[in-house]
Amino acid sequence: MKHFWDSIFFKITFLFFCALLGFFAFSYFLIKDKIEEDSNANRIKYNQIVSMINEISRFGGGVDIVKRYLSDFGFVEVEDGLKKERLQEEDKIPQNFPGTIAKVRNTQQGIYILLESNKEAILYKDKASHSYERFYFITLAGVVILTFIYVLLLKALIPLNTLRAQISNSEQDTILRVKKNPKDEIELLANEFYKFSNKIKALNESRLLFLRSIMHELKTPITKGRITAEMVENPVQKERLCSVFSRLNELIAEFAKLEQLSSKMYKITKSEFLLEDLIRAAEQILLIDKNAPSPITLESPYALIKADFELFVITIKNMLDNAIKYGEDGKVRVYTKDDGLYVENKGAPLKFKLDEYFKPYFRDSKKSIQGFGLGMYIIKNTLDSQNFKLRYINEDGKNKFIIKGCVVDNFCALEDRPKPKALEIEKL
């Protein structure tokens, strides 16, 4: 609904109806004033005619004088049988009346005067026209002109609506068509947008092809390295080398998911799983040695999480990796509270606002830590794609990163616990 009120089509339609209403109001009051003005003029003229006839009658003037005076005053003889009959029925003249009487009536159609005697009856009417048809015609013409302008504006804006529909309905690999002969500035703008959009699509296709080519070329040496690792005689070294090459394979799959996510081609599939399964998967990706004490302390293993498991593993893996690398003691604590998942480590507060760390390749002053500065950028994108929010607080010398909205239950009953997620990585 908000988009409807903000639409330029709605604004133009609203302005059109306001203009139409204003024009109707102006026409109504103009015609009303004209009618009142004519009515006042008729009233004055009526009083003058009555006074004139009374004066002529008082000084013994004849009918010819009255007729001449009416002609000078702008009255003409008319044949209106119905009006004449009505005036004759009013105040009928006596049968033996020797003279002539004048009946004057002021109507909406004008002033009528009936000169009546026992021999004849002549009807006069003021020839001044009080027709308001021209005002009604002007009003109708104004409505037609306003409607025509409104239609022209909507027609001129149709290319924008068409462009919006094509963009919203087009797939990422669709090439938008450019008009050969644009008619106005809006169509020129649409054509420039088409060209720019097609350039972006071409660049995205080149980027996608480049990334896929790199991932494809990396798989061959990784596979050969895995085969070579299988030939190592020392079982401990063999297991570690195989795990490293397995992790490299997982990294390629992870990069593929992130590429799909950034290009809006990844389909989010949320499911319920235990926090314990999530942390176990993240530990395997981080290549944490099972024979050494784990730096991860899990306090809510049976908390129920609802998210896209594969994307959430990537998120938690990066958060745990950051917490271990940047923590003062190299340890991290994971637990749940209400609907939030907490990742906590000991350390000084962040030097910059959290939003700064979401920028790709952002690094603070800790130059000794290796990496490309993409961890928080990946965390932000994987969480945004699932409509989760990341918050940060520092309390009592501890940094706490909180993922809001992902926890369904802080303790899942035994009979309700989902089956562990299948892990594709080999255990150390």
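Me: Contact means heavy atoms within 4.5 Å. With that in hand, which residues does Ile316 touch, leaving out those up to four places away in sequence?

Reply: This is a predicted model, by the way. Leaving out those sequence neighbors, Ile316 touches Leu278, Ile279, Ala282, Leu341 and Ile403. Each of these has heavy atoms within 4.5 Å of Ile316, so each counts as a contact.

Me: What makes the set around Phe312, Ile316 and Leu320 a nonpolar core?

Reply: A nonpolar core takes buried residues of types such as Phe, Ile and Leu, joined through side-chain atoms within 4.5 Å. The largest such set here has 36 residues, and Phe312, Ile316, Leu320, Leu341, Leu390 and Ile403 touch the most other members. Elements giving two or more residues to this core include helix 8 (275–285), helix 9, strand 9 (340–346) and strand 11 (398–404). Helix 9 supplies the largest share, seven residues. Apart from this core lies another one, of 13 residues, among them Leu70, Phe75, Ile122 and Tyr124.

Me: How do you know that helix 9 is mostly covered?

Reply: Count the residues under the 20% cut-off for buried: in helix 9, that is 13 of 18.

Me: And what span is expected for helix 9 at 1.5 Å a residue?

Reply: The expected value is 26 Å, and helix 9 (residues 309–326) reaches 25 Å from its first C-alpha to its last, which is close.

Me: Why is Ser27 called buried?

Reply: Buried means under 20% relative accessible area. Ser27 comes in at 8%, so it counts as buried. Ser27 is found in helix 2 (residues 8–58). Over the whole chain of 428 residues, 33% count as buried.

Me: What makes the link between Ser27 and Thr139 a polar contact?

Reply: The cut-off is 3.5 Å between N or O atoms, with one able to donate a hydrogen and the other to accept it. The side chains of Ser27 and Thr139 are joined at 3.3 Å, so the pair makes the cut.

Me: How do you know that strand 10 and strand 11 pair?

Reply: Pairing needs at least two bridges between the strands. Strand 10 (residues 389–395) and strand 11 have seven, in the antiparallel sense, so they pair. One bridge puts Leu390 opposite its partner Ile403 in strand 11, and both names also appear among the core residues that touch the most other members.

Me: What sits between the two strands of that hairpin?

Reply: Two residues lie between them, and Asp396 in this hairpin takes a positive phi near 55 degrees.

Definitions and conventions
Residues are numbered from 1 along each chain as its sequence is written. This is a predicted model: local features need pLDDT of at least 70, side-chain atom pairs count only at pLDDT 80 or more; totals for chains, interfaces and linings use all residues. Side-chain values use heavy atoms; hydrogens and water are left out. Helices (H or I, at least four residues) and strands (E, at least two) are DSSP runs, numbered from the N terminus. Buried means under 20% relative accessible area, exposed over 50%, partly exposed in between (1.4 Å probe, protein chains only). The expected span of a helix is 1.5 Å times one less than its number of residues.
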